Amino acid sequence: MKGLTDVYALGDMASTPDENGTPLPVLAQVAAQQGYYLGRALADNLKDGKAMPPFKFHNRGNTAIIGRHAAVFDFGWMQLKGRLAWLMWAIIHVYLLVGFDNRLRVSLQWLWAYITYERGARLIMRDFES
Ligand SMILES: Cc1cc2nc3c(=O)[nH]c(=O)nc-3n(C[C@H](O)[C@H](O)[C@H](O)COP(=O)(O)OP(=O)(O)OC[C@H]3O[C@@H](n4cnc5c(N)ncnc54)[C@H](O)[C@@H]3O)c2cc1C
């Protein structure tokens, strides 16, 4: 972070410009790539004293869920929407979670929410309470 050494901000709390100066979107893909980048860059810096290279974002496609059985995918060269996009959204998000425990927990929560038509907000509140 500007003005602070050894303090880094990434993901939703950081505003990172792309090569044209436009801020990158506050999406999971950006946060995940920044996490990998920072981990690797810090490890290399500590091990070999390598200067940290600038972060480069690689757009692998954006996705958002917009309802039950409805999601959108934008790969740049192809767009996808509807049930298939919704299913892919769920599979990809579970796959990207860290660790088997988290994948299982989120899959079961989503399955329960799907079966019972439970609203997402209530699931989030339950996480806070436990
Ligand atoms: C409703 C909603 C839908 C979204 N849908 C999509 C989508 O379809 N596709 C997409 O790409 N992105 C989506 N996003 C955006 C995506 O979730 C974020 O861009 C991504 O999670 C950012 O990751 P992050 O690590 O920066 O922050 P987070 O994932 O928010 O992680 C921050 C973590 O820090 C923890 N934390 C906060 N304060 C403290 C503290 N003081 N001490 C310790 N821990 C703390 C929080 O509990 C949290 O676990 C959505 C976001 C929302 C809110």
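These exercises walk through a predicted model of a protein chain with a ligand.

**Exercise 1. Confidence**

Find which helix has the lowest confidence in the protein chain, and which element has the highest.

Solution. Start with the whole chain. Its mean pLDDT is 87. Of its residues, 91% reach 70 or more. Now go element by element. Helix α4, residues 120-129, is lowest, at a mean of 50. The highest value belongs to α1, at 94.

**Exercise 2. The ligand shell**

List the residues around the ligand, then sort them by element and by class.

Solution. Step one is the list. Gly11, Asp12, Val26, Leu27, Ala28, Gln29, Ala31, Thr63, Ala64 and Ile65 surround the ligand. Step two is the elements. Two or more shell residues come from α1 (28-48), and two or more come from β1 (62-67). Step three is the class. Six shell residues are nonpolar, three are polar and one is charged.

Now take Leu27 from this list. Leucine 27 sits in the segment before α1. Is leucine 27 buried or exposed, or something in between? Count its neighbours. There are 13 C-beta neighbours inside 10 Å, so leucine 27 is partly exposed. Compare its position with leucine 108, which is 81 residues away along the chain. The two C-alpha atoms are 24 Å apart.

**Exercise 3. The sheet**

Work out the strand order of the sheet and the partners within it.

Solution. Begin with the pairs. β1 pairs with β2 (residues 70-74) in the antiparallel sense, over five bridges. β2 is joined to β3 (residues 79-82) by four bridges, and these two also run antiparallel. Put the pairs together. The result is an open sheet of three strands, in the order β1-β2-β3. β1 and β3 each have a single partner strand, so they stand at the edges, and one side of each lacks a neighbour in the sheet. On average, neighbouring strands are turned by 10 degrees against each other, direction ignored.

Next, place single residues. Isoleucine 65 has alanine 71 of β2 as its bridge partner. Threonine 63 is partnered by phenylalanine 73, also in β2. Phenylalanine 73 in turn stands opposite leucine 80 in β3. Aspartate 74 has its bridge partner in β3 too, glutamine 79. Two of these names return from Exercise 2: Thr63 and Ile65 are among the residues around the ligand.

**Exercise 4. Positive phi**

Locate histidine 69, glycine 76 and aspartate 6, and give the phi of each.

Solution. Recall the background first. Most residues other than glycine have a negative phi. Now check each case.

- Histidine 69 lies in the loop between β1 and β2. That hairpin has two residues between the strands. Histidine 69 is not a glycine, yet its phi is positive, at about 65 degrees. With 13 other C-beta atoms within 10 Å, histidine 69 is partly exposed.
- Glycine 76 belongs to the hairpin of β2 and β3, which has four residues between the strands. Its phi is positive, near 90 degrees.
- Aspartate 6 is in the segment before α1. Its phi is near 60 degrees, again positive in a residue other than glycine. Aspartate 6 has 6 C-beta neighbours inside 10 Å, so it counts as exposed.

Key:
Residues are numbered from 1 along each chain as its sequence is written. This is a predicted model: local features need pLDDT of at least 70, side-chain atom pairs count only at pLDDT 80 or more; totals for chains, interfaces and linings use all residues. A residue is near a molecule or strand if its C-beta atom, placed from the backbone, lies within 6 Å of it. Ala, Val, Leu, Ile, Met, Phe, Trp, Tyr, Cys and Pro count as nonpolar, Asp, Glu, Lys and Arg as charged, and the others, Gly among them, as polar. Two strands pair if DSSP finds at least two bridges between them. A residue is buried if 20 or more other C-beta atoms lie within 10 Å of its own, exposed if 12 or fewer, and partly exposed in between; C-beta atoms are placed from the backbone. pLDDT is the predictor's confidence in each residue, from 0 to 100. Axes are lines fitted to C-alpha atoms, for helices over the stretch in contact, and angles run from 0 to 180 degrees between N-to-C directions.
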